[in-house]
Amino acid sequence: MKSLFIAGAIIVLTSASAQAEEPSKSGIMSLIKPDTSIEYGFKSKKWSGDVGATASLGKISIRPAVDWSYASGSSISISGASLKSTVGLMGGLSTYSKLSLDGDFKYSDLSIG
């Protein structure tokens, strides 16, 4: 898991340094956009969601995220993590890859689309 976060940090910093070479009024914070999602499952009676940040440079974006869940009477638990990268190809067409990790932060799945 450390490698995943280190890789994400390197990519963000590399993107930031590439952006810094261009004249920009908005700076490094314009590259990183924090976001989150939250949902409730009526059948499972459980809250779940994720917390992440998207770093974008041109047509490339990278989003590391941590997945969480909460069931009534229990504490919030980390149920996994993911790293999604997207590349815009043309118009509204893009391609992506998503690396998923389980609750122990071990490899779970790799998706492309």
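## Ile32 and the start of strand β1

In this predicted model, Ile32 lies in strand β1, which covers residues 32-41. Its relative accessible area is 26%, so Ile32 is partly exposed; the cut-off for a buried residue is under 20%. Ile32 and Leu57 are 25 residues apart along the chain, and their C-alpha atoms are separated by 9.5 Å.

## The sheet

β1 belongs to an open sheet of 6 strands. The strand order is β1-β2-β3-β4-β5-β6, and the pairing is antiparallel. Because β1 and β6 (107-112) each have a single partner strand, they stand at the edges, and one side of each is left without a neighbour in the sheet. From one strand to the next, the twist averages 15°.

Strands of a sheet pair through backbone hydrogen bonds, in either a parallel or an antiparallel arrangement.

## Strand β2 and Thr54

Strand β2 takes in residues 46-57 and pairs with strand β3, residues 60-71, in the antiparallel sense over 10 bridges. Within this pairing, Gly52 has Ala65 of β3 as its bridge partner.

Thr54 is also placed in strand β2. Its relative accessibility is 19%, and since buried means under 20%, Thr54 falls in the buried class. Its side chain makes a polar contact with the side chain of Asp35, at 3.2 Å. With neighbours within four places in sequence left aside, Thr54 is in contact with Leu31, Ile32, Lys33, Asp35, Ser61, Ile62 and Arg63. Ile32, the residue in β1 described above, is thus one of the contacts of Thr54, and so is Asp35, the partner in the polar contact.

## Strands β3 and β4

β3 pairs in the antiparallel sense with strand β4, residues 77-90, over 10 bridges. Arg63, one of the residues in contact with Thr54, has Lys84 in β4 as its bridge partner.

The hairpin of β3 and β4 has 5 residues between the strands. In this hairpin, Gly73 takes a positive phi near 85°.

## Strands β4 and β5

β4 runs antiparallel to strand β5, residues 93-101, and 9 bridges join the two. Across this pairing, Ala81 stands opposite Leu101 in β5.

Between the strands of the β4 and β5 hairpin there are 2 residues. Gly91 in this hairpin has a positive phi near 55°.

Terms used:
Residues numbered from 1 in each chain as written. Predicted model: local features only at pLDDT ≥ 70, side-chain atom pairs only at ≥ 80, totals over all residues. Heavy atoms only, no water. Helix = DSSP H or I, 4+ residues; strand = E, 2+ residues; numbered from the N terminus. Buried < 20%, exposed > 50% of the residue type's maximum accessible area, 1.4 Å probe, protein only. Pairing = 2+ DSSP bridges. Axes fitted to C-alpha atoms, helices over the stretch in contact; angles between N-to-C directions. Polar contact = N/O pair within 3.5 Å; in protein donor to acceptor, adjacent residues only side chain to side chain. Contact = heavy atoms within 4.5 Å.
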